[in-house]
Amino acid sequence: MRLFLLFAALAVFLSPSVCAQATVNAAGVTFVDSASGTNATTITLGQSVTWIAGPLLHTVTNGTGNTDPNAGTLFDAPLDPNNPTFTYIPTQVGTILYFCRFHELFSMDGTISVLPAAPVVDYPGTNEDLVLATGVNGPASSGPANDIKQVSANDTLSVQFSSPAGALAGSPFLILAEGFMTGSAPVGPLPSIHVSLTGFVIVVDGISPVVPGFQPQLPTGGVSLDFIVPPGMSGISVLFQGFAFVPSVANGFFAATDAHEIQIQ
Ligand SMILES: [Cu+2]
């Protein structure tokens, strides 16, 4: 019942993701990477490399040279005043050698080292002793690469909220959630708050006294909730995030967990 209420609160915002990219200048008869200052470029998988022309005629050609049978199999692009830029996005981890067909004898060449993409923390919190973990029909998990999960109707979603080392046990706390159309995640008011000020609902209220004089507190063992995913909710996601409110934390006001996005398939 409560989950239906969560899903009723929908927020439609777009959060564009920005990927850093590399640029390489054709300087005379040398390729110069803007970051390294040499002909060596390092990126992570998913990032692009853009070459920028100088006044001379060049090519950007993968391979070790004109006699390489594989030369030009990945890219073989002109780079000159009429073709001022060329962009390539590698599709796998590894090293790509490239050269200029016109200036091979001048050693006009370079390398692209493509590293694995780092695990993504999609919804970072304040990195304190406060953890939200979620599980689908099994153990709950948290940490990098665990912020987004998929569920289907009738799955059991478990949401666990705790201060593993106990530093924030006993604090006033909140567990919040916000529903949205998958792909249109809400935009929070601060980098560590991912629910929007207008769209969140309170899942567990660890602030407001139920009995006057008795302040609720985060239990030492944390809080654990189980939901059965209702049918008919495909295409909707719910963002969960937990907070503790004590002056001893880094910002003096609150600690926040990573948020977890649960996408209903
Ligand atoms: Cu050249």
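Here is a friendly set of questions and answers about this predicted model.

Me: Before we start, what level of pLDDT do local features need here?
Reply: Residues are numbered from 1 along each chain as its sequence is written. This is a predicted model in which side-chain atom pairs count only at pLDDT 80 or more, totals for chains, interfaces and linings use all residues, and local features need pLDDT of at least 70.

Me: How many Å separate the centres of domain 1 and domain 2?
Reply: Domain 1 covers 22–115 and domain 2 covers 121–264; such bounds come from an automatic or database domain assignment. Taken over C-alpha atoms, the distance between the two centres is 45 Å.

Me: Which are the edge strands of the open sheet?
Reply: Strands are DSSP runs of E with at least two residues, numbered from the N terminus, and two of them pair if DSSP finds at least two bridges between them. The sheet has 4 strands with mixed pairing, in the order β2-β1-β4-β7. The strands that pair on one side only are β2 (30–33) and β7 (85–88).

Me: Which residue in β4 stands opposite Thr23?
Reply: Strand β1 (residues 22–27) runs parallel to strand β4 (residues 49–52), and 4 bridges join them. Opposite Thr23 in β4 you will find Thr50.

Me: What is the bridge partner of Val24 in β2?
Reply: β1 and β2 pair in the antiparallel sense over 4 bridges. They form a hairpin with 2 residues between them, and Gly28 in the turn has a positive phi of about 60 degrees. In β2, Val24 is partnered by Asp33.

Me: Which strand gives the most to the largest nonpolar core?
Reply: A nonpolar core is a set of buried Ala, Val, Leu, Ile, Met, Phe, Trp, Tyr and Cys residues joined through C-beta atoms within 7 Å; buried means that 20 or more other C-beta atoms, placed from the backbone, lie within 10 Å of the residue's own. The largest one has 35 residues, and those with the most contacts inside it include Leu176 and Phe243. Elements giving two or more residues include β10 (131–136), β13 (173–181) and β16 (236–244). The one that gives the most, with 6 residues, is β13.

Me: How many residues make up the second, separate core?
Reply: Among its members are Val24, Ala26, Phe99 and Val114. The size of this core is 15 residues.

Technical notes. Buried ≥ 20, exposed ≤ 12 C-beta atoms within 10 Å, placed from the backbone.
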